[in-house]
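New notebook page. I want to get my bearings in this one, starting with charged pairs and then moving on to the sheet and the packing.

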Amino acid sequence: MADGAIDQDDFSELPGELALLPIRDLVVFPFMVVPLFVSRELSIGAVEHAYSDDRLLFLCTQKSEVADEPEVRDLYTIGTIGKILRMRKLPDGQLKVLVQGLKRARLERVVRERPTLVVQVEVLEEIAPEPNDPVEVEGLIRAVKESLRGLSDVGKGLPQDVMTVLLGLGEPGALADLVASNLGLRVPAAQAVLEAASTLDRLRRVNDALAKEVEVVAWQQKIQTQAKEEMSRAQREYFLREQLKQIRQELGDLDDKLEEIEALRTRLAEARLPPEAAREAEKQLRRLEGMNSDAAEASVVRTYLDWLADLPWSKLSVDRIDLARAAEILDEDHYGLAHVKDRILEYLAVLKLKGDHKGPILCFVGPPGVGKTSLGRSIARAVGREFVRISLGGVHDESEIRGHRRTYVGAMPGRIISGLKQAGTRNPVFLVDELDKVGSDVRGDPAAALLEVLDPEQNGTFRDNYLNLPFDLSRVLFVATANQEEPIQSALRDRMEIIHLAGYDLEEKVQIARRYLIPKQKAECGLHTDEVDVGVPALEAIIERYTREAGLRGLERRLAAISRKIARKFAEGQRRRVRVRAKDLEKYLGPRQHDPEAPDDVDQIGLASGLAWTPAGGVILHVEAASMVGKGGLTLTGQLGSVMKESAHAALSWARSRAKELGLDVEAFGQRELHVHVPLGAIPKDGPSAGITIAVAIMSLLTHLPVRRDVAMTGEVTLRGRVLAVGGLRQKLLAALRAGITHVIIPLANEPDLAEIPDRLRQKLRLHLVRELDEVLDIALVGFVPARDSLASGTPKPTTSPHVGLA
């Protein structure tokens, strides 16, 4: 084995086929002696093959360092034929070899790939300078040597023995190769020098690289000198960053910060910002360029620019409004709700004809689980837009809507702007959920902020506090939902069209369960359609015994519980089809949770049935009255609100004022104590709807006449005995149906509301329309005789109360 370098003249004739050794991050030049660590199986095979033969290799550099098993197309075609001077095996299995470059060569073709990659190469002869170029050659040689001395003067010289050899060389090719091999060039630049066939060209490239290196080192020294003079020890980190920045700029590389700023500028250009937003973005970009990358303010500006780039300033979904298709989608997603679907189709028709819609915002109001949110999704499907939902339940801070100013730590845009970013378009269907549950405190009133958002005349220039720029919301199709209408701020309610969703009766719930809920639960539990059958009687029993709601969420939970239990049976090996029957429900759902509301067996004195409406739907409200010896006082219990208490006092005052006409003992009022109680005392109750119910219970007690058990009633009573209109009529009628009531007394002023009551619902009830409390007593009390004065008065007093529907 040779102990040192060898003379190239000993290898004037080199073999044409050699083992190929790919090198990751180094270009080997002729005359260059370099140690290599060989670890890849293919490379170890090449070294061992060459070492066992003539020790000659073709050294070729990879185009990419990351390729672990490079193919021929991953290598540069120009390389160097090298000689293995030494080889030693390391404990970890690697080989350490010392090689010397001999001649440049070109890869012609692959002879074989396994077990060792052997290629045919062609030795490249140097193109000597033209006879008329000796002056240029000599000038380049001197310039190279002068640059080497200059590099040594600025403190980055080569080792002394290498400098001695280089300064003594007069052959231009050898000088170019040796300088390039010691200069530490990057692979692309070094490969360009190696591939230059002309000696003169190679020398020029080396001279340029050397001159650039001298200039970079000079700049480095200048930066170091200035930094030491201007910066303290605490600013050392900043100095290092500046030094790296200058070096990269001189080498032609882009700084990471500059790359980031250019990427932001590109994204902002693609977002097509409006003029005002574009000016603000450019201003903030210039600020970011002048900031330290690690400064806290730089992070704030960068986040702000990210928001500007991500918002859909100019992205619009194309509307695809087909009213026939929209009607199909609404019918697919919802059963019943005919008047709601008609209003939605009218809304979409106007949107199709005008292209924009600046009418009132649709607001769906109804109990939980009646399909308010899913209606918003159906509208988005019908028009082909993105759908976004935000819930405002429990929101008290105005900044949740308008965003926080950027001066605050952790500032972010409000929910409106965040929702638009999530949608990715400027015209989504935007559902504002739980509008009635918005609160207010010292941090502001979110409902007031929503006025600008939901007003078509103002939201074209909505300004979020974080962006501090106008954003056009006029193309957004806003839809709102609420459980109750009353808590919504009046000014906000004035900007919306309220559409009431009362709830579903028994037949509707059965159909919805069969069409939607049961197939959904089968799919979620992995059950096949033919494996489970839930009959109509079983569904009716579930609805009556285990749910008491206007919506469908409780019913869906019960069906999910049944599906899970059946899925367990099939998972344990059952193969028979399961039929769920009404008598099996306790096995699946446990004891019944509600007994069906039914009238009492007998008519009772002092017990009247009223109808009330809650956010969860209509309910039956029983009012009890009792009398005892006392001083004529009135006791009210059952957690009654102020309105119900006033109704009770008004009813008692009406009875006292009409005592003689009604045949009551006037003196008894001062000797008896009245007590009115509404059961379920743990639940607060209030509202005017129970006025005539309380009056009937009191009059039944005073006249000793029982109240008909098949009659329920709702209506507000005045001191003069007038019956006033109330709300929630459909929900109350549904509650009467659930309780088995056949006669319902309602105010005559509610007659227009009957147009929204389905015919099949009216056919099951006998509806009595009344104007005066005397008429209520005539219907509700068994054996009641109307006062003669009222019959003689000008007020019409029919013997049979007007009604709607069939008996």
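**Salt bridges.** I counted 37 salt bridges in the structure, keeping in mind that the model is predicted. I then looked at a few of them one by one.

Arg73 pairs with Glu71, and their closest N and O atoms are 2.6 Å apart. I checked how open to the outside the two partners are. Arg73 is exposed, at 62% relative accessible area, while Glu71 is partly exposed at 40%.

Next I went to Asp433, which has a salt bridge to Arg389 with the closest N and O atoms 2.9 Å apart. Asp433 belongs to strand S9 (residues 429-433) and Arg389 to strand S8, so this pair ties together parts that are 44 residues apart in sequence. Is Asp433 buried or exposed? It has 5% relative accessibility, and under 20% counts as buried, so Asp433 is buried. Arg389 comes out partly exposed, at 37%.

The third pair is Arg415 with Glu400, where the closest N and O atoms are 3.0 Å apart. Here helix H15 (residues 415-423) supplies Arg415 and helix H14 (residues 399-402) supplies Glu400, so parts 15 residues apart in sequence are tied together. Arg415 is partly exposed at 27%, and Glu400 is partly exposed at 28%.

I also noted a network of salt bridges linking Arg325, Glu328, Glu332, Asp333 and Arg381.

**The sheet.** S8 and S9 turned up above, so I looked for the sheet they belong to. The sheet is open and has five strands in the order S8-S9-S12-S7-S13, paired in parallel. Which strands sit at the edges? Strand S8 (387-391) and strand S13 (496-500) do, each pairing on one side only. From one strand to the next, the twist averages 25 degrees.

I zoomed in on S7 (residues 361-365) and S12 (residues 477-482), which pair in the parallel sense over four bridges. Val365 is opposite Ala482 in S12.

**Asn483.** Stepping into the loop between S12 and helix H17 (490-494), I found Asn483. Asn483 has a relative accessible area of 9%, so I put it down as buried. What does the side chain of Asn483 join up with? There is a polar contact of 2.4 Å to the side chain of Lys437. Setting aside neighbours within four places in sequence, I listed the contacts of Asn483, among them Val365, Gly366, Glu434, Asp436 and Trp613.

**Nonpolar cores.** The largest nonpolar core has 55 residues, and Leu308 and Leu435 have the most contacts inside it. Helix H10 (residues 296-310) gives the largest share of this core, seven residues. I followed Leu435 outward: leaving out residues up to four places away in sequence, it touches residues including Leu392, Leu450, Ala480, Ala482, Ile488 and Met496. A second, separate core holds 52 residues, and Ala382, Val383, Ile566 and Val578 are among them.

**Helix H28.** Last stop for today was H28 (residues 773-780). Seven of its eight residues are buried, so the helix is largely enclosed by the rest of the structure. I wrote down the buried ones: Leu773, Asp774, Glu775, Val776, Leu777, Ile779 and Ala780.

Technical notes. Residues are numbered from 1 along each chain as its sequence is written. This is a predicted model: local features need pLDDT of at least 70, side-chain atom pairs count only at pLDDT 80 or more; totals for chains, interfaces and linings use all residues. Side-chain values use heavy atoms; hydrogens and water are left out. Buried means under 20% relative accessible area, exposed over 50%, partly exposed in between (1.4 Å probe, protein chains only). Helices (H or I, at least four residues) and strands (E, at least two) are DSSP runs, numbered from the N terminus. Two strands pair if DSSP finds at least two bridges between them. Axes are lines fitted to C-alpha atoms, for helices over the stretch in contact, and angles run from 0 to 180 degrees between N-to-C directions. A polar contact is a pair of N or O atoms within 3.5 Å; within protein, one must be able to donate a hydrogen and the other to accept it, and residues adjacent in sequence count only if both atoms are side-chain atoms. Contact means heavy atoms within 4.5 Å. A nonpolar core is a set of buried Ala, Val, Leu, Ile, Met, Phe, Trp, Tyr and Cys residues joined through side-chain atoms within 4.5 Å. A salt bridge is a side-chain nitrogen of Lys or Arg within 4 Å of a carboxyl oxygen of Asp or Glu.
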